[in-house]
Amino acid sequence: METQRKSKHRKTNPTIVASSSDQVSSLEWEEIAMAQEEEDLICRMFKLVGERWDLIAGRIPGRTAEEIERFWVMKNHRRSLLR
C-alpha cells in the first residue's frame with residue numbers, strides 16, 4: 001500500500017491587483033449639470049423610491065442611472081460639507 005503525503009503548505013489565493021483601467025478618473029466625478037426641473041424631479045422621486053436610480057432615470061429623458069446617482073452623491077456631499 002502506498003501512503004499519500006499530505007502537503008503541510010496551505011494553498012493561498014493569488015493576490016488580486018487592480019489594473020489602472022479599474023480606477024475612477026477625476027473626470028468621471030466632475031459635477032453633473034442638471035436643470036432645475038431635473039433636480040426637483042430627482043429629489044421628489046428619491047423621497048418616493050429611494051436609491052432606485054434606474055427607476056428615476058426612466059423619468060428623465062437623456063439621463064442614465066449612473067449620471068443621476070453621481071449627481072445625487074455629489075450634491076449631498078456638498079451639502080454635508082456646508083453643515
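Start by selecting K75: in this predicted model, its relative accessibility is 9%, so K75 counts as buried. Now show what its side chain meets. K75 forms a salt bridge with E39, and the closest N and O atoms lie 3.3 Å apart. Colour the chain by secondary structure and you can see what this contact joins: E39 sits in helix α1 and K75 in helix α3, with their positions 36 residues apart in the sequence, so the pair links distant parts of the chain.

Stay on E39 for a moment. Is E39 buried or exposed? Its relative accessibility is 18%, and because the cut-off for buried is under 20%, E39 counts as buried.

**Along helix α1**

Next, select E38, in helix α1, which covers residues 36-49. How many salt bridges does the structure hold? There are 2, and E38 takes part in one of them: its side chain meets that of R63 at 3.1 Å, N to O. Follow the contact across to R63 and you land in the loop between α2 (53-57) and α3 (65-82). This pair, too, links distant parts of the chain, with R63 and E38 25 residues apart. Before you leave, colour E38 by accessibility: at a relative accessible area of 16%, E38 is buried.

**Over to the rings**

Time to switch from charges to aromatics. Select F46, W53 and W72 together, as they form one aromatic cluster. The structure has 3 aromatic pairs in total, and two stops follow here.

For the first stop, look at F46 and W53. Their ring centres are 5.7 Å apart and their planes meet at 20°, so this pair is stacked. Turn on the surface and compare the two partners: F46 is partly exposed at 22% relative accessibility, whereas W53 is buried, with a relative accessible area of 8%.

Keep W53 selected and add W72 for the second stop. How are these two rings arranged? The centres of W53 and W72 lie 6.2 Å apart with the planes at 45°, so the pair is tilted. W53 belongs to helix α2 and W72 to helix α3, so their contact ties together parts that are 19 residues apart in sequence. Both W53 and W72 are buried.

**One last view**

To finish, show helix α3 with two of the residues you have visited: K75, the salt-bridge partner of E39, and W72, the tilted partner of W53.

Note on methods. Residues are numbered from 1 along each chain as its sequence is written. This is a predicted model: local features need pLDDT of at least 70, side-chain atom pairs count only at pLDDT 80 or more; totals for chains, interfaces and linings use all residues. Side-chain values use heavy atoms; hydrogens and water are left out. A salt bridge is a side-chain nitrogen of Lys or Arg within 4 Å of a carboxyl oxygen of Asp or Glu. Helices (H or I, at least four residues) and strands (E, at least two) are DSSP runs, numbered from the N terminus. Buried means under 20% relative accessible area, exposed over 50%, partly exposed in between (1.4 Å probe, protein chains only). Rings of Phe, Tyr and Trp (its six-membered ring) pair if their centres lie within 6.5 Å; planes under 30 degrees apart count as stacked, over 60 as edge-to-face and the rest as tilted.
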